[in-house]
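Good morning, and thank you for coming. Please take a moment to look at the sequence and the model on the screen before I go through some of its details.

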Amino acid sequence: MDITKIYQYKLRKLFNPRALPFEHDSLFLQSWDGELDEVISVKLKNKPALYLSWWNELFNLQKVDEIISDEPYDQNYYQFFSFLRILPNLLSINRTENFYNKNLFSSYIVSQLKSDLSFLGKEKENIYKTELINYLFYDMGFADFYYHYFIVKDNKLYFRFSSDEIIKVDELINTTYDLVLKYSNEKYYDDLNIIKKQQTEIIKFLLEEDENFIFTLEDQYLIYLSPKKFIKTYKNDTDKIFKILVSFLSKDQSALNVFVSKIIIMNYNYYILKNNPNEILKLKAFCRRDNLKFFLLLKLIIDLHFFVKKEDFKELHLEYYLFKIN
């Protein structure tokens, strides 16, 4: 799938500025605001190449705003237009230091959305993927994470159109283009259809199970990014997971190794500690009398700011360690 190739290129480019470029009929990356940024753009038939997030330049946005601000449209639908603007950012590249955590969260969440979580039960899979995809879009700049505009059911993405109605996102994209075509110059119809196809493909990519897509990054521990591998190993051989976590304290890690270390710790945060923070005591016991080792791991876990907070451990008699963590 072409979107997969583009995303794999993005991951490689984060650590290798000279990564071989990808080939695509419609999409390409353009430099933006310096050599560390590249924005996903689309080749069009009747207009010079356009940043994919600027799709609203091809229709009368003011007129569409007037239409959807009235009944029977819901204000959530108004938000959907904002969502379509930020969606392409998933493929864009920003290698500046202040964007590091966004790259980290995006890479982790996409890997989990594309994983098979059915071994946890269908209900849990839907709950986890709903939570993660809302967090992803929120971190990309869309709306409020706590509202859950998006719902995942059986690996299909739905949008909360109103308080009592949800609609499949691909169907809502079709509805949206039926509307915007009415307020666009006819010469841009083909261009809008090209953009529509790319937006739909990005949605498909996000929830299309593909356990291997991220393994273009080379790290011996990357197999533990798989939730199934991580959770089953934790249950059957907890010490093995703890040995791997301790290895992440090594100062010999490359930038790629550190990145992979953090996304695997995010598995520990999300699937183990989020609902059972007292599990951290098993890690403390594993570290035995090495207080520094446990402190450094606890600090790594908390400093990620990913579904686990310092306050989650306050009732576990860890004040000695928590006091030293900002």
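Is valine 258 buried, exposed or partly exposed? With a relative accessible area of 28%, valine 258 counts as partly exposed, because that value falls between the limit for buried, under 20%, and the limit for exposed, over 50%. I should say at once that this is a predicted model. The place of valine 258 is in helix H10, which covers residues 255-273. Leaving aside residues up to four places away in sequence, valine 258 touches Tyr100 and Gln253. For a sense of distance, please find tyrosine 224, which is 34 residues away from valine 258 along the chain. The C-alpha atoms of these two residues are separated by 14 Å.

Let us turn to serine 53. This residue lies in the loop between strand E3, residues 50-51, and helix H2, residues 61-68. Its relative accessible area is 11%, so serine 53 is buried. Which residues does serine 53 touch, not counting those up to four places away in sequence? They are Arg85 and Pro88.

Glutamine 75 is our next stop. Glutamine 75 is found in helix H3, residues 75-86. Its relative accessible area is 47%, and glutamine 75 is therefore partly exposed. When residues up to four places away in sequence are not counted, glutamine 75 touches Ile68 and Ser69. Threonine 4 is 71 residues from glutamine 75 along the chain, and the C-alpha atoms of the two are separated by 32 Å.

I now come to charged residues. Side chains of opposite charge can pair when their charged atoms come close. How many salt bridges does the structure hold? There are 10 salt bridges, and I shall show you some of them.

The pair to look at now is lysine 63 and glutamate 66. Their closest N and O atoms are 3.9 Å apart, and the two residues form a salt bridge. That distance qualifies because the cut-off is 4 Å. Both residues lie in helix H2, three residues apart, which is about one turn of the helix. Lysine 63 has a relative accessibility of 33% and so counts as partly exposed. Glutamate 66 is partly exposed as well, with a relative accessible area of 38%.

Another salt bridge joins the side chains of glutamate 279 and lysine 282, at 3.2 Å from N to O. Glutamate 279 counts as buried, because its relative accessibility is 16%. Lysine 282, by contrast, is partly exposed, with a relative accessible area of 43%.

Please move along to aspartate 290 and lysine 293. Their side chains meet in a salt bridge, with 3.8 Å from N to O. Aspartate 290 is partly exposed at a relative accessible area of 33%, and lysine 293 is partly exposed at 26%. Elsewhere, Lys122, Glu125 and Lys129 are joined into one network by salt bridges that share partners.

Where on the surface do positive charges gather? Lys124, Lys228, Lys232 and Lys235 form a patch of positive charge there. Helix H8, residues 227-236, gives the most to this patch, with three residues. Let us take lysine 228 as an example: its place is in helix H8. Its relative accessibility is 38%, so lysine 228 counts as partly exposed.

To finish, I should like to look at the backbone angle phi in two residues. Aspartate 154 has a phi near 50 degrees, a positive value in a residue other than glycine. Aspartate 154 is found in the loop between strand E5, residues 150-153, and strand E6, residues 156-162. With a relative accessibility of 48%, aspartate 154 counts as partly exposed, because the value does not pass the limit of over 50% that an exposed residue needs.

Arginine 288 is not a glycine either, and it has a positive phi of about 50 degrees. Where is arginine 288 found? It is in the loop between helix H11, residues 280-287, and helix H12, residues 291-303. Is arginine 288 buried or exposed? Its relative accessible area is 64%, so arginine 288 is exposed.

Thank you for your attention.

Definitions and conventions: Residues are numbered from 1 along each chain as its sequence is written. This is a predicted model: local features need pLDDT of at least 70, side-chain atom pairs count only at pLDDT 80 or more; totals for chains, interfaces and linings use all residues. Side-chain values use heavy atoms; hydrogens and water are left out. Patches are made of residues with over 30% relative accessible area and no salt bridge: like charges are joined within 9 Å, nonpolar side chains (Val, Leu, Ile, Met, Phe, Trp, Tyr) within 5 Å. Accessible areas come from the Shrake-Rupley method with a 1.4 Å probe; for residues, only the protein chains shown count as cover. Lys and Arg count as positive and Asp and Glu as negative; His and the chain ends are not counted. The place of a charge is taken as NZ of Lys, CZ of Arg, CG of Asp or CD of Glu. Helices (H or I, at least four residues) and strands (E, at least two) are DSSP runs, numbered from the N terminus. Buried means under 20% relative accessible area, exposed over 50%, partly exposed in between (1.4 Å probe, protein chains only). Contact means heavy atoms within 4.5 Å.
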